[in-house]
Amino acid sequence: MINTQVEFFQGSKGKLYSIKRTLINSIGYVIYVQPLFELNNANRHVFTKSAIQNYHANISSLIYDHYGCGDSEGELLDASLSTWQQDLLQVVQRVKNNNKTKISLVVFSSSTLLL
């Protein structure tokens, strides 16, 4: 059984939807930075398959939706590049505070703008 936790956590402007797959003694942690806008819904299944494979390789993961996109709070009209960048930094810091392991980012398509 895969330890999967679905939750909303507070981002810079609103609650962000996330799916975490965590192991007690994982050898690494992957944060999937979803594409912006509706592309995240089209690609979530790909990130999910990758996260499950990582889980079986003893690697924890987090997939989250950006503010105003997917299942997170907010409207796209109220979102900005700055908000999404702040949220990404917050997500990385949150994972870093709770895990003493290497963190990798998987960035796809339009989400490269956040880097």
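This passage describes the nonpolar cores of a predicted model and the packing of its helix H2.

The largest nonpolar core comprises 16 residues, and those making the most contacts inside it are Ile 31, Val 33, Leu 62, Tyr 64, Trp 84, Val 91 and Leu 114. Two or more residues of this core are contributed by each of strand E3 (28-33), strand E4 (59-64) and helix H2 (81-98), with H2 supplying the largest share, four residues. Apart from this core lies another, of six residues, among them Val 30, Tyr 32, Ala 51 and Ile 63. When neighbours within four places in sequence are left aside, Val 33 is in contact with Phe 47, Tyr 64, His 66, Leu 88, Leu 105, Val 106, Val 107, Phe 108, Ser 111 and Leu 114.

For helix H2, the 18 residues should span 26 Å at 1.5 Å a residue, and this agrees with the end C-alpha atoms, which are 26 Å apart. The buried residues of H2 are Thr 83, Trp 84, Asp 87, Leu 88, Val 91 and Val 95; because these residues cover an arc of only 135° around the axis, they are placed on the same side of H2. The buried residues of the helix pack against strand E1 (4-10), strand E2 (15-21), E3, E4 and strand E5 (103-107).

A charged residue, Asp 87, also belongs to H2. Although buried, Asp 87 has no salt bridge, and the nearest side chain of opposite charge, that of Lys 13, is 9.0 Å away. Residues up to four places away in sequence not being counted, Asp 87 touches Gly 11, Ser 12, Lys 13, Leu 16 and Tyr 67.

Note on methods:
Residues numbered from 1 in each chain as written. Predicted model: local features only at pLDDT ≥ 70, side-chain atom pairs only at ≥ 80, totals over all residues. Heavy atoms only, no water. Core = buried A, V, L, I, M, F, W, Y, C linked by side-chain atoms within 4.5 Å. Buried < 20%, exposed > 50% of the residue type's maximum accessible area, 1.4 Å probe, protein only. Contact = heavy atoms within 4.5 Å. Salt bridge = Lys/Arg side-chain N within 4 Å of Asp/Glu carboxyl O. Expected span 1.5 Å × (residues − 1). Arc of directions from axis to C-beta.
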